Amino acid sequence: MNQKTIYLDYAATTPVDPRVAEKMSGCLTCEGMFANPASAHGPGRAARGAVEQARNQVAALVGAEPGEIIFTSGATESDNLAIKGVAHFYKHKGRHLVTSRIEHKAVLDTCKQLERDGFEVTWLKPDADGLIQPPMVEQVLRPDTVLVSIMHVNNEIGTINDIAAIGRITRKHGVFFHVDAAQSAGKLPIDLKTLFVDLMSFSGHKLYGPKGIGALYVRRQPRVQLDPLIHGGGHEHGLRSGTLATHQIVGMGEAFSLARQELTKEAPHLRALREKLWQALHTAVPQAMLNGHPTERVCGILNVAFPGIEGESLLFACGALAVSSGSACTSADRQPSFVLRALGRDDQLAGSSIRFSVGRFTTSAEVEAAARIVSEEYRRLLDLAPVG
Amino acid sequence: MNGSMDPDTEYSATVWKHFHTPSNAGEFLAGTAGVLNGEAGARQHGRAVAFQLQVTADGQVADCRYRVYGCPVTIALCSLTSEALKGQPLTAAAAYSVVSLAEQLGLPAEKHAAAITVEDAIRSAAGRYNSHVQPLAAATEFTYRA
C-alpha cells in the first residue's frame, strides 16, 4: 500500500509529456499566446499561427492534409461528429449503418442513439480473436448503407483490424468509412493518403497530450460532408463551433509531433515490455490466458484472463498496480467486459481479466515487479478458493 | 468497527486488512474430529463459500476454517466472522448475523448479498450438528491444512 503505484494503464490515459506541458504553458498567460485565434489583431494572429502549426503536426503523423483536421474536445466528440454527422447529412441516401459489437462506447452509444432516431444499425460480431474480418463487412452492406464505423485498435484487447482491406470494400461500394484511431495513432504507422478511410478520430490524452482535446480527420477528396453537432461561430469550417483552445491544441500538436519522431523506436520498446510482461505472467501462472489475437495486436496492450479467481479481488489485491479490468470508461459499473463477452469468454473469465498497458515511461523493473505482484496475489486467491 | 476508509480503495481499512491477510483461512485435515462442513453460493454467481466449524463435546465452536471465492468483501467477512465465532456456543454461531457485521463495517447494501452467502454457509455447517458427528474432546489437539 505504501509502495509507489506502478502505472500500467496507458491505454486509459497517459501523463502529459513534459515537453508537451512546456509548449502548453506558453499559451496561457499574458506573456504567451493567450489571445483568441479568431481575432484579427497581432496576438490573435500569433495564436492562430500556433493552432495551424499544431494542425500541421497532427496531419503529419497520419498522412493527412492540414485542412482535413478538425479539432474537437476528444475522441468521443470526434466519433459523435463523424457518425451522427454522416448519418444526418446523408439520410436521404440511406439510413443503414454498420459497426461492431466491440467498439468503444463512444461509437456504440452514438449508434444506439441513431437507432432510436430511426436509423438501422448492423452490429458485427468479432471472430474469436477479436477481429472484424473484412468479408464480414462486405456481407452486410446494403444499397442504403451510408457508413461503416470500425475501430483500428481495440481499446481493451489491443487487436488491430485491417482497415486497409475494409476501406477497399467500403470505397468499392460507395459507403463512407469511419475509423476510431484513439488507440492506434502514434503506435502504428497510419498513412491516410493510401487508406480508403473517410473519417478518423484521434485523442490527445492517449498520446502524452492533454485531456479535453481531440481531432477528426474529414477527407476532402472524395469529399465527406457532415451535419455539425455544435453550432456557433462557424469555427473549424463550420463543423465545430467554439473558441479554439489554443493551449490544448498546441499540446496535442506537440504530442503528435513527438510521437512521429519517436514512433520507430518507441513501438519496438513497448512491444518488448509487453512481451516481457506476458512471458513473466505466463511462466508464473501457466493457467493465464491471452485475450485477443496473439500477433495482430498493438504494441502497448496486454489483456490476460486469470481462471479460477474472482476479478474484483484480483484487482484489489494488486492495489500497488494501476491497471484496468476492461475499459476504464466501463470499469466503474463492474460488469464483465462486453468486449470479452463478445469474444466468447464467460462471465467468470471476463470478470477475472486484467488489461495491462505499458507506455513511454514504463520501465523494465516495473514490468518485472508487476508480474511478481500479480502472480503472487493470483496464487494467494486461488489457494483461498474452494475446490471446484 | 468500520475504521477509516482506505484511501486507495472504497472499503474500510478493516475490510482491506482482512481481505489482504485473512485469519483462519484454509481447511481442517480430512478426518479431523468435530468438524462440521457447510457450503453456500456458486462460482457462476460470483461467490462461493465453504465454511468449517470445529465443535467441542459441550457444543462450543473451538475453531473455524473456510475457503472462499468472491469479492474482497466476501473474503473479509469470512475472516472477521471466523474470529467472531471462536469460543461461541454453536447455537450462537448458527444465529450469528453476518449482515449486521456488514452494516457495522459500513458496507453498502449491495454488498449484503456477500454477507448472506457467508451466513448461509455457517448455518449449513451448524445444521449438520447431530449425533453422527464425533465431537472434539475438550483437550484434543488437531491439525489443519492452511
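Start by selecting B:Gly38: in the neighbouring strand β3(B), the residue opposite is B:Phe51. Before moving on, note that this is a predicted model, where local features need pLDDT of at least 70, side-chain atom pairs count only at pLDDT 80 or more, and totals for chains, interfaces and linings use all residues. Residues are numbered from 1 along each chain as its sequence is written, while chains are lettered from A and ligands numbered from 1 in the order in which they are written.

**The sheet in chain B**

Now select residues 47–55 of chain B, which are β3, and find β2(B) paired with that strand in the antiparallel sense over eight bridges. Strands (E, at least two residues) and helices (H or I, at least four) are DSSP runs, numbered from the N terminus, and two strands pair if DSSP finds at least two bridges between them. Add β4(B), which is joined to β3(B) by eight bridges and runs antiparallel to it. One pair to pick out here is B:Leu53 with its bridge partner B:Cys64 in β4(B). In the hairpin of these two strands, with five residues between them, click on B:Gly59, whose phi is positive, near 80 degrees.

Step back and you have an open antiparallel sheet in the order β2-β3-β4 (chain B). Its edges are β2 (35–42) and β4 (61–69) of chain B; each has a single partner strand, so one side of each has no neighbour in the sheet. From one strand to the next, the twist averages 15 degrees.

Select residues 72–85 of chain B next: this is helix α2, which packs on the sheet, touches β3 and β4 of chain B, and makes about 175 degrees with the direction of β4(B). Contact between two residues needs C-beta atoms, placed from the backbone, within 7 Å; axes are lines fitted to C-alpha atoms, for helices over the stretch in contact, with angles from 0 to 180 degrees between N-to-C directions.

Is β4(B) mostly covered or mostly open? Eight of its nine residues are buried (20 or more other C-beta atoms within 10 Å of a residue's own; 12 or fewer is exposed, and in between is partly exposed, with C-beta atoms placed from the backbone).

**Where the chains meet**

Show both chains: 16 residues of chain B are in contact with ten residues of chain A. On the chain B side, β3, β4 and α2 each supply at least two residues, and β4(B) gives the largest share, three residues.

**Over to chain A**

Select residues 18–25 of chain A, helix α1, together with α7(A): they pack at an angle of about 150 degrees, with axes 8 Å apart. Their crossing is right-handed (the near helix is turned clockwise from the far one by less than a right angle; anticlockwise would be left-handed). To see the contact, show A:Arg19, A:Val20, A:Lys23 and A:Met24 of α1(A), then residues of α7(A) including A:His247, A:Glu254 and A:Leu258.

Next comes a second open antiparallel sheet, ordered β9-β10-β12 (chain A). Within it, A:Leu290 has A:Val304 of β10(A) as its bridge partner. Helix α7 (residues 246–284) of chain A packs on this sheet, touching β9, β10 and β12 of chain A, at about 15 degrees to the direction of β10(A).

Finish at A:His88, in helix α3 (residues 75–89) of chain A. This residue is partly exposed, with 15 other C-beta atoms within 10 Å.
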